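Student: I'd like to practise reading a fold from its coordinates. Can you walk me through it, one feature at a time?

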Amino acid sequence: LDFFPVLSETFIVREILEMQKQQNHITVFARQNSANLTCSEVIHSDTKKLMKNVTYLPSLSEFTENKPWIRILGLHLGSFLKNPLKYTKAFGFTLRAGRKVFAMFVLSVFYAKELLKADINHVHVHFALDSCTYALLISMYTNISYSFTVHAHDIFIPKLADVLEDKFRNARYAICISEYNKNYVLTQFPALDPERIKIVHCGIDVSAFTPSVKVPHSTKLNVLSIGRLVEHKGFEYLVKACHILKENTKIEFICTIIGEGKERIILEGLISNFNLEGTVELVGSRDQSQVMKALKSCDLFVLPCVTEKRGIQDGIPVSLMEAMAMGTPVISTRVSGIPELINDVSGLLVEPRNSEELAAAMESILRLSPADKSHMGGRGRTIIEQDFNIEKEVQKLSHLLTN
């Protein structure tokens, strides 16, 4: 991992814990402890559990503070002597790959030393970013193989991930979280072998999300949304849809948005301009127990994702899975892999950036009887049990990594 913990990456924590639960012997390495760097002090309980067993690699400045070039040259010489042919090929690759990759190659020997000392023979990386570059480079001159999972921004933003095609080509396996992602990758790199790109969904522990009778905290209907306050979550369009709903219907509702981020000021301005104080509430980050409480009491979950101009978009948001596992009707948009999660019987999909269509979809579900809402939510729950169940998805991943 590049950073750990990251508040929005509970899906990685759950996958690691389930891998351990299924008796896989794994060691978790992170390049940087980000506990003090996040915009929120909230750390989920599962994350706290895992943090005790994370090995934080020394920073490169720590590695090189005493006679750096002598240490670097010594480690490179040792790598060359162990396998001259592999090392020479790796060296040539990095010369062609550009200055940043070459600099990472020079420093990669320090991480390689730590992995070899821990007797690691395979590395699996989440996101095709810097940690994946190190895994690629180390695999080129050692016997440590690698695989990686791509999610969203690491493939959708051009040039964000260095030597991306080479990462796919040299990995034991590459994993996508959706068919959409796999098709996207193959469109970008048509020479890749599609058989070596596998689909493993992000999943959730279905047993931890038990549908229950909704317990509203007021006489008003509860609309809930969860996510970082960033553009591609589409919260701007949710606020506008709430304005339309309030103006054009007599539905009494409260919309609660859980999350924090750089779009807060924009959203607060919209809420003020539309006089939605008391109707739309930005409550900030919450831990998992508070999220569960909110999911239990909501009548509808909405996440109107969009694609940003620079290409950033979601993969398949885990918050949608959590809501569906709780038996809650959901509304989202036709973006990325979301249509692989939500179909016509488990929720509603609308076009992105269309607040009028979103408001109409919200009205149609909020007007359903409790029995009809429960029926729709139950079908969503079935989809999670079958296709986004962490136990089943980790079994797939474990099989790939051990065979």
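Tutor: Sure. Start with the surface: the chain has about 18,700 Å² of accessible surface, and 53% of that belongs to carbon and sulfur atoms. Keep in mind that this is a predicted model.

Student: What share of the residues counts as buried, and how many helices and strands are there?

Tutor: Of the 403 residues, 53% count as buried. The chain holds 17 helices and 14 strands. For contacts with a separation of 6 or more, 74% join residues 24 or more positions apart.

Student: Now the sheet. In what order do the six strands of the open sheet run?

Tutor: Read the order across the sheet, not along the chain. Here it goes E11-E10-E9-E12-E13-E14, with parallel pairing. E11 (280-284) and E14 (347-350) stand at the edges with a single partner strand each, so one side of each has no neighbour in the sheet. On average, neighbouring strands are turned by 25° against each other, direction ignored.

Student: How many bridges hold the pairing of E13 and E14?

Tutor: Four bridges, in the parallel sense, with E13 covering residues 330-333. To place one of them, look at Ser332, whose bridge partner in E14 is Leu349.

Student: Which strands does helix H13 lie across?

Tutor: H13 (residues 288-297) lies across E9 (221-226), E10 (253-258) and E12 (300-303), and runs at about 140° to E9. Next, check which side chains turn inward: the buried residues of H13 are Gln288, Val291, Met292, Ala294, Leu295 and Ser297. They pack against E9, E10 and E12, and also against two helices, H1 (10-21) and H14 (318-325).

Student: And the aromatics? How do I tell edge-to-face from stacked?

Tutor: Compare the ring planes: under 30 degrees apart counts as stacked, over 60 as edge-to-face. The count here comes to 13 aromatic pairs. In one of them, Phe80 and Tyr87, the ring centres are 5.9 Å apart and the planes stand at 80°, so this pair is edge-to-face. For Tyr146 and Phe148, the centres are 6.3 Å apart and the planes at 25°, so that pair is stacked.

Student: Are those residues buried or exposed?

Tutor: Take them in turn. Phe80 is partly exposed, at 32% relative accessibility, while Tyr87 is buried at 11%. Tyr146 and Phe148 are both buried.

Student: Which aromatic cluster includes Phe80 and Tyr87?

Tutor: One that they form together with Phe91, Phe102, Phe105 and Tyr141.

Conventions
Residues are numbered from 1 along each chain as its sequence is written. This is a predicted model: local features need pLDDT of at least 70, side-chain atom pairs count only at pLDDT 80 or more; totals for chains, interfaces and linings use all residues. Side-chain values use heavy atoms; hydrogens and water are left out. Two strands pair if DSSP finds at least two bridges between them. Axes are lines fitted to C-alpha atoms, for helices over the stretch in contact, and angles run from 0 to 180 degrees between N-to-C directions. Contact means heavy atoms within 4.5 Å. Buried means under 20% relative accessible area, exposed over 50%, partly exposed in between (1.4 Å probe, protein chains only). Accessible areas come from the Shrake-Rupley method with a 1.4 Å probe; for residues, only the protein chains shown count as cover. Rings of Phe, Tyr and Trp (its six-membered ring) pair if their centres lie within 6.5 Å; planes under 30 degrees apart count as stacked, over 60 as edge-to-face and the rest as tilted.
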